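Me: Got a minute to walk through a structure with me? I'd like to start with the surface and then look inside.
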Amino acid sequence: MFYLNKLKNIVFPLYLFIYLIFPYSATTQSKKVNFRRDLENALNSRDFEFVKKSFENNKDLIIPKRFSKIIQDFPDSKWNIKSLGSSNPNEDLFQIKVSGKKIVDGEIFILDSNFHYLFSMVNGKINKGVIKKLFSTIRNDDNKIDITFKIPDEVLTGAKYDIDIILNHPLEEVIVAGGIKPYQVETFFEQDITLEPLVSGGIFKMTRAPAKPGMQIWAGIIAHPQGMITFTKSIDIVEKI
């Protein structure tokens, strides 16, 4: 039994991490020294008003609402932020890790999300921000499923590339189901993933990158007798590597 009726409650919070982090004001070098610490503290203390005031454009105010939704789904979630710096003096790059857990029908689901966030500031507020190298999982198997994800961080425009999600132990008589699907950000909450039996020991897919630079997002599910894993991975589509 894979408890597939729980997928709707588990998968959607994972998808929300594409929209999760948008830093707030820092206008001088001295402020940048404390920026990482202040952002981390604000996220962990659930300072929604502080986040709401961080955006240059009113259209971005939907982000705090999505942030509130994530806190609702993972009340104990914790943020850890490390500044990686940037070669561009007008930009900064953060490495962000988010972890948390939720209980569904007595089962514990563990969230682990890692991504980079590249951003610039205008008038002390966020004007542009880009999430890179996103990889998030939610799983309830207590890490009993030995699984390897081989999905690139970036590929060239129009190039073919492989996506491999490998179950490392022989399946023998075990029945495992899974599925994977590309998503467009603007339609993220309107698409479902179809589960199919995995007879080859995982998900193995060859695909082609879009012809224009941007970001491609893949989301998938593995349903195993020992538990369930959902995952989201972003891939940067670039003209030059």
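Me: Which residues form a nonpolar patch on the surface?
Reply: Ile103, Ile108 and Ile110, with about 280 Å² of accessible area together. Patch members have over 30% relative accessible area and no salt bridge, and nonpolar side chains (Val, Leu, Ile, Met, Phe, Trp, Tyr) are joined within 5 Å. A salt bridge is a Lys or Arg side-chain nitrogen within 4 Å of an Asp or Glu carboxyl oxygen. Areas come from the Shrake-Rupley method with a 1.4 Å probe.
Me: Is this predicted, and how are residues numbered?
Reply: It's a predicted model, where local features need pLDDT of at least 70 and side-chain atom pairs pLDDT 80 or more, while totals for chains, interfaces and linings use all residues. Numbering starts from 1 along each chain, and side-chain values use heavy atoms, leaving out hydrogens and water.
Me: Where is Ile108?
Reply: In strand β3, residues 107-122; strands are DSSP runs of E, at least two residues, numbered from the N terminus.
Me: New topic: how many aromatic pairs are there?
Reply: Four in the whole structure. One of them is Tyr117 with Phe119, stacked at 5.8 Å centre to centre and 25° between the planes. Rings pair if their centres lie within 6.5 Å, and planes under 30 degrees apart count as stacked.
Me: Are those two buried or exposed?
Reply: Tyr117 is buried at 1% relative accessible area, and Phe119 is buried at 3%; buried means under 20%.
Me: Which residues form an aromatic cluster with them?
Reply: Phe94 joins Tyr117 and Phe119 in one cluster.

Notes
Patch = residues over 30% accessible without salt bridge, like charges linked within 9 Å, V, L, I, M, F, W, Y side chains within 5 Å. Helix = DSSP H or I, 4+ residues; strand = E, 2+ residues; numbered from the N terminus. Phe/Tyr/Trp six-rings, centres within 6.5 Å; stacked < 30°, edge-to-face > 60°. Buried < 20%, exposed > 50% of the residue type's maximum accessible area, 1.4 Å probe, protein only.
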